[in-house]
Amino acid sequence: NLDAVQAASFGLTFLTAWNMLIHKARLQPGQTVLIHAGASGVSAAAIQIARQLGALVAATASSETKRDLATRLGADAVLPSRDPEWFQAARRFSPQGFDVVFDHVGADTFAPSLRLLRKGGRYVFCGATSGFELKTDFRVVFFKNLEILGSTMGRKADLRQIAALFAAGRLVPTVDRVFAFDELAEAHRQLEERHVSGKIVVTIQ
């Protein structure tokens with residue numbers, strides 16, 4: 001059973017990640033997926049869902065603490081996103097290219113992500129926190145027959161499946177910290193300064 005804090009933390013992130021990976025990107029067992037910002041709420045959910053599907057998972061993360069979380073959640077490889085060599089490390093993990101790239105970073109990751117996809121690969125995204133103008137040489141899209149897929153939230157029936165997986169202990173919520181309502185400004189500051197691994201929950205007494 002989930003307590004109130006855990007229950008508050010999983011719905012949106014897991015439903016979004018589920019829709020992206022299962023319905024949009026059609027991730028299959030044995031396929032490879034690159035998950036950007038692996039310690040964010042939605043990407044932490046994506047790592048777990050991808051593992052449930054039997055995929056091979058590489059994730060990026062900006063700090064050792066965040067990389068540790070992505071590893072604990074089941075990523076097969078975690079790449080330091082602030083290291084300029086992350087792209088080559090991703091190439092070494094999946095030399096033939098990734099089947100799926102899962103993203104919500106946007107401008108900073110869009111172009112290299114398309115280059116990392118194999119022929120017929122799928123780039124699925126639900127946000128663009130580093131900038132909404134996504135630029136690349138689009139020849140890679142049609143020469144490699146790539147799909148670019150936008151996604152938002154998901155289906156009520158999927159939420160029921162997700163809840164059942166939580167009840168079975170196969171998925172876990174990732175709560176970084178809990179703040180009281182009068183600490184809301186500090187909670188926002190922690191998010192803006194990228195000090196959060198997983199989700200923040202604000203309680204109202």
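Helix 1 and helix 2 are oblique to each other, since their angle falls in none of the other classes (under 35 degrees roughly parallel, over 145 roughly antiparallel, 65 to 115 roughly perpendicular). In this predicted model, local features need pLDDT of at least 70 and side-chain atom pairs count only at pLDDT 80 or more, while totals for chains, interfaces and linings use all residues. Residues are numbered from 1 along each chain as its sequence is written, and side-chain values use heavy atoms, without hydrogens and water.

The angle between helix 1 and helix 2 is about 50°, and their axes (lines fitted to C-alpha atoms over the stretch in contact, with angles from 0 to 180 degrees between N-to-C directions) lie 8 Å apart. Among the residues in contact (heavy atoms within 4.5 Å) are Phe 14, Trp 18 and Leu 21 of helix 1 and Ala 46, Ile 49 and Leu 53 of helix 2. The contact comprises 11 nonpolar, 4 polar and no charged residues.

Helix 1 also meets helix 7, where the axes come within 10 Å and cross at roughly 110°. Helix 1 is therefore roughly perpendicular to helix 7. The residues involved include Phe 10, Phe 14 and Trp 18 in helix 1 and Leu 159, Ile 162 and Phe 166 in helix 7.

The largest nonpolar core (buried Ala, Val, Leu, Ile, Met, Phe, Trp, Tyr and Cys residues joined through side-chain atoms within 4.5 Å) has 36 residues, of which Leu 21, Val 33 and Phe 102 touch the most other members. Buried denotes under 20% relative accessible area with a 1.4 Å probe, protein chains only. Helix 1, helix 2 and helix 7 are among the elements that each supply at least two residues of this core.

Terms used
Buried means under 20% relative accessible area, exposed over 50%, partly exposed in between (1.4 Å probe, protein chains only). Helices (H or I, at least four residues) and strands (E, at least two) are DSSP runs, numbered from the N terminus. Ala, Val, Leu, Ile, Met, Phe, Trp, Tyr, Cys and Pro count as nonpolar, Asp, Glu, Lys and Arg as charged, and the others, Gly among them, as polar.
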